[in-house]
Amino acid sequence: MGFGGISLWQLLIVLAIIVLLFGTKKLRGIGGDLGGAVKGFKKAMSDEKNTDKEKPEQIQKSEESAPLDSAHTEKNKDNNKV
């Protein structure tokens with residue numbers, strides 16, 4: 001017994017038919033494209049995790065550096081002139 005009722009010989013026959021239909025070059029190209037897509041997906045997921053970790057720090061830094069109210073800064077400018 002093999003995978004879900006399919007024996008090893010049946011899998012080899014199906015593999016041989018696929019190679020005869022598509023050829024090794026086309027299968028190699030498909031495999032490379034599929035591998036590149038998986039690699040790109042993994043990279044995007046890891047980049048997303050990194051940006052999620054950086055967001056709270058960036059928000060905190062921007063709140064510290066940016067004034068809360070522009071009217072408040074205008075009053076401070078007027079007080080500094082006097």
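The expected span of a helix is 1.5 Å times one less than its number of residues. This value serves as the reference for the helix in View 2 of this predicted model.

**View 1. The whole chain is built from helices, in the order α-α-α.** The predicted chain holds three helices and zero strands. Of its 82 residues, 0% are buried. The accessible surface amounts to about 7800 Å², and carbon and sulfur atoms account for 63% of that area.

**View 2. Helix α1 spans residues 8-22.** From first C-alpha to last, the 15 residues of α1 cover 21 Å, close to the expected 21 Å at 1.5 Å a residue. Gly-23 follows just after α1 and adopts a positive phi of about 85°.

**View 3. A nonpolar patch on the surface includes Leu-8 and Trp-9.** The patch measures about 680 Å² and is formed by Ile-6, Leu-8, Trp-9, Leu-11, Leu-12, Leu-15 and Val-19. Leu-8 belongs to helix α1. With a relative accessible area of 58%, Leu-8 counts as exposed, because exposed means over 50%. In an α-helix there are 3.6 residues a turn, so residues three or four places apart point the same way.

**View 4. Confidence in the chain is highest in α1 and lowest in α3.** Helix α1 has a mean pLDDT of 93, whereas helix α3, residues 70-81, has a mean of 55. For the chain, the mean pLDDT is 77, and 59% of the residues reach 70 or more.

Key. Residues numbered from 1 in each chain as written. Predicted model: local features only at pLDDT ≥ 70, side-chain atom pairs only at ≥ 80, totals over all residues. Heavy atoms only, no water. Patch = residues over 30% accessible without salt bridge, like charges linked within 9 Å, V, L, I, M, F, W, Y side chains within 5 Å. Areas by Shrake-Rupley, 256 points an atom, 1.4 Å probe, with all protein chains shown as cover. Salt bridge = Lys/Arg side-chain N within 4 Å of Asp/Glu carboxyl O. Helix = DSSP H or I, 4+ residues; strand = E, 2+ residues; numbered from the N terminus. Buried < 20%, exposed > 50% of the residue type's maximum accessible area, 1.4 Å probe, protein only. pLDDT = per-residue confidence, 0-100.
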